[in-house]
Amino acid sequence: MGALVPHIDLQYKMKYVFNYTGRSYMLSYQESYYIVNGSFTFTHSSGKWTFNAYVKNATTNYAAKNF
């Protein structure tokens, strides 16, 4: 048959405030969030081929907020 190997990783990003001083002043605030990525890899028992399916950034779609 073959082997099926799952993989999951989790990243946590803390909130931050970003200040830019130059020709203009901008203040951005980003809430804390987490990102979940996952994949499955199937390897045929002969070892001649593999199949990989993955999902990136499955939980969030954030952008920095400007105010």
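Colleague: How many bridges join β1 to strand β4?

Modeller: This is a predicted model, where local features need pLDDT of at least 70, side-chain atom pairs count only at pLDDT 80 or more, and totals for chains, interfaces and linings use all residues. Residues are numbered from 1 along each chain as its sequence is written, and side-chain values use heavy atoms, leaving out hydrogens and water. Strands are DSSP runs of E, at least two residues, numbered from the N terminus; two of them pair if DSSP finds at least two bridges between them. β1 and β4 (residues 33-44) run antiparallel, and the bridges joining them number 12.

Colleague: Which residue in β4 stands opposite P6?

Modeller: β1 covers 2-13. Across from P6, in β4, stands F40.

Colleague: Which strands stand at the edges of the sheet?

Modeller: Three strands form an open, antiparallel sheet in the order β1-β4-β5. Two of them have a single partner strand each, so one side of each is left without a neighbour in the sheet. They are β1 and β5 (50-55).

Colleague: Which residues form the aromatic pair?

Modeller: The structure holds one such pair (ring centres of Phe, Tyr or Trp, its six-membered ring, within 6.5 Å; planes under 30 degrees apart are stacked, over 60 edge-to-face, the rest tilted). This one is tilted, at 5.7 Å centre to centre and 45 degrees between the planes. The partners are F42 and W49.

Colleague: Where is confidence lowest?

Modeller: pLDDT is the predictor's confidence in each residue, from 0 to 100. The protein's mean is 81, and 75% of its residues reach 70 or more. Confidence is highest in β5, at 95, and lowest, at a mean of 48, in strand β6 (residues 65-66).

Conventions
Helix = DSSP H or I, 4+ residues; strand = E, 2+ residues; numbered from the N terminus.
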